[in-house]
Amino acid sequence: MSSTSHAYRRNTLWNAALVHRLSGIGLAIFLPIHFLALGLALSGAAKLEGFLRLTQMPVVTAAETILIFLLVVHFLGGLRLLALENGPWFSGQRRVALVAIGVAAVVALIFLVRLL
Amino acid sequence: MDESHSSIDVSIWRGDANGGFQSYRVPSRSDQTVLDVVTWVQRNVDPTLSYRFACRVGMCGSCAMTVNGRPRWTCRTHVKSVFQESKLEIAPLSNMPVIKDLASDMRVFFEKWTRARGSFAPNRSRTKAVEEIRPDTPARRFADEAIECINCGVCYAACDTVRWNEDYLGPAALNRAWALMNDVRDTAGRERLEAVSAKGGCHSCHSHQSCQAHCPQTLNPTRSIAGLKGLSLQAYLRGEIKP
Amino acid sequence: MLLVPMILVHLAVIFYATSQNLTADAILSRTRGSVTWGLFYGIFVLLAAIHASIGVRNILQEWGRLRDRTAGQLAVLFGVLLLVLGLRAVAAVVMP
């Protein structure tokens, strides 16, 4: 309808749900590739070694960092939903959602720094 | 007051789903509500403007509309609290067909209420004495927290699961079902659990919590739906309902 | 809910493997013939495949606007693909 027609989505928890869904899609796309790469070991360690050397390229390292972020953010977001739907109700969910995203970013950053 | 503050420009949705926004200049008043603005346009500019209201004091749930992109009860929404970037845009509630102008067709909303078995099934007739219920029991507390719904449809319009899944019963109907599940006088618990566990029921909810964020009565349908998910799972594990 | 501890272990493994900068030989020498790792990652793959296919079905229905049957079939297909590829990968890494 207009630029304001989705204004109701401008809130932290809606965006947390969006991050959860997008990270899920990202992981779902990554998983088959991950499995195919590991499957290289079927034809010997040398094949896998060749692939692992590839991961030292900066662009692959960057992709790995993003994947770590996706995994941790999806994991923590899922934990929040599990707690919310199965435990007693807790307030301050916006903060919990923001902390989850922050922690995921920090973990991914630590991963990156250690590789550099 | 200087001239620029003595009137406001308002965009109001006209026509059906294929309609568009039309601009109106409305005199500015202190403590004016969005409903006051719509009423002024209807009485002074265009008597064919269609909209719905009844009580004007936040009890009947008739006047909900989309105000600057968010569903709100217009009779209790002050213009000054939503007037952003000197813009006021009023549209019919979303997630429902538009009948005309600001009136949405709420039939499906209420049909889902029925589908979720939102009606009370009493355990005694009027000839029996009134049952005593202690207000401090956990079940009654849950029920009390969920009963103040005024059926305005704001949560339903704010819910993206409703938007993406037309079978989904929606926050209001499921919240009602949860209230009745916790009413010890009600006898239709098993049938209701079956109804809300079916396709489009409580398990479709993604806990976005937009319903809770927008409910004018500050109810928490997400918590009610989470409660239903728990009851549904327990009943399934006990073999009382089938998937 | 079983996925929760498994993901934590998996993250620990990622950080361990990358910090040691393990070569393929080094990794495979640790995993080959290990029943524990085989079982752990076998179950992890199974749970991940179930979880991912449910999520994919929801997304296909809600964002893809596919009919329920079509979305369900595609999701099952995706789940089976993940399971087969995943178990193949586990086998590749742990089979002696």
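In this predicted model, the buried residues of H7(B) are B:Pro171, B:Ala172, B:Ala173, B:Leu174, B:Asn175, B:Arg176, B:Ala177, B:Trp178, B:Ala179, B:Leu180 and B:Met181. The helix spans residues 171–181 of chain B and is mostly covered, with eleven of its eleven residues buried. The partners against which these buried residues pack belong to chain B: helix H3 (107–115), helix H4 (138–146), helix H5 (154–158), helix H8 (189–197), helix H9 (210–214) and helix H10 (221–237).

Chain A touches both chain B and chain C. In the contact with chain B, 16 residues of chain A meet 19 residues of chain B. On the chain A side, two or more residues come from each of helix H1 (12–39) and helix H3 (58–86). H3(A) gives the most to this side, with four residues. By class, the side of chain A that touches chain B holds nine nonpolar, six polar and one charged residues.

The contact between chains C and A takes 23 residues from chain C and 22 residues from chain A. On the chain C side, helix H1 (3–19), helix H2 (24–31), helix H3 (35–62) and helix H4 (68–94) each supply at least two residues. H4(C) provides the largest share of that side, eight residues. The side of chain C that touches chain A divides into 16 nonpolar, five polar and two charged residues.

One helix pair joins chains A and C as follows. The axes of H1(A) and H3(C) come within 10 Å and cross at roughly 125°. That angle makes H1(A) oblique to H3(C), and the crossing is left-handed. From H1(A), the contact involves A:Arg21, A:Gly24, A:Ile25, A:Ala28 and A:Leu31. From H3(C), C:Ala48, C:Ala52, C:Gly55, C:Val56 and C:Ile59 take part. An α-helix has 3.6 residues a turn, so residues three or four places apart point the same way.

The residue classes of the three sets of contact residues are tabulated here.

| Set of residues | Nonpolar | Polar | Charged |
|---|---|---|---|
| Side of chain A that touches chain B | nine residues | six residues | one residue |
| Side of chain C that touches chain A | 16 residues | five residues | two residues |
| Contact of H1(A) with H3(C) | seven residues | two residues | one residue |

How values were computed: Residues numbered from 1 in each chain as written. Chains lettered and ligands numbered in written order. Predicted model: local features only at pLDDT ≥ 70, side-chain atom pairs only at ≥ 80, totals over all residues. Contact = placed C-beta atoms within 7 Å. Nonpolar A, V, L, I, M, F, W, Y, C, P; charged D, E, K, R; others polar. Buried ≥ 20, exposed ≤ 12 C-beta atoms within 10 Å, placed from the backbone. Axes fitted to C-alpha atoms, helices over the stretch in contact; angles between N-to-C directions. Parallel < 35°, antiparallel > 145°, perpendicular 65-115°, else oblique. Left-handed = near helix turned anticlockwise from the far one by under 90°.
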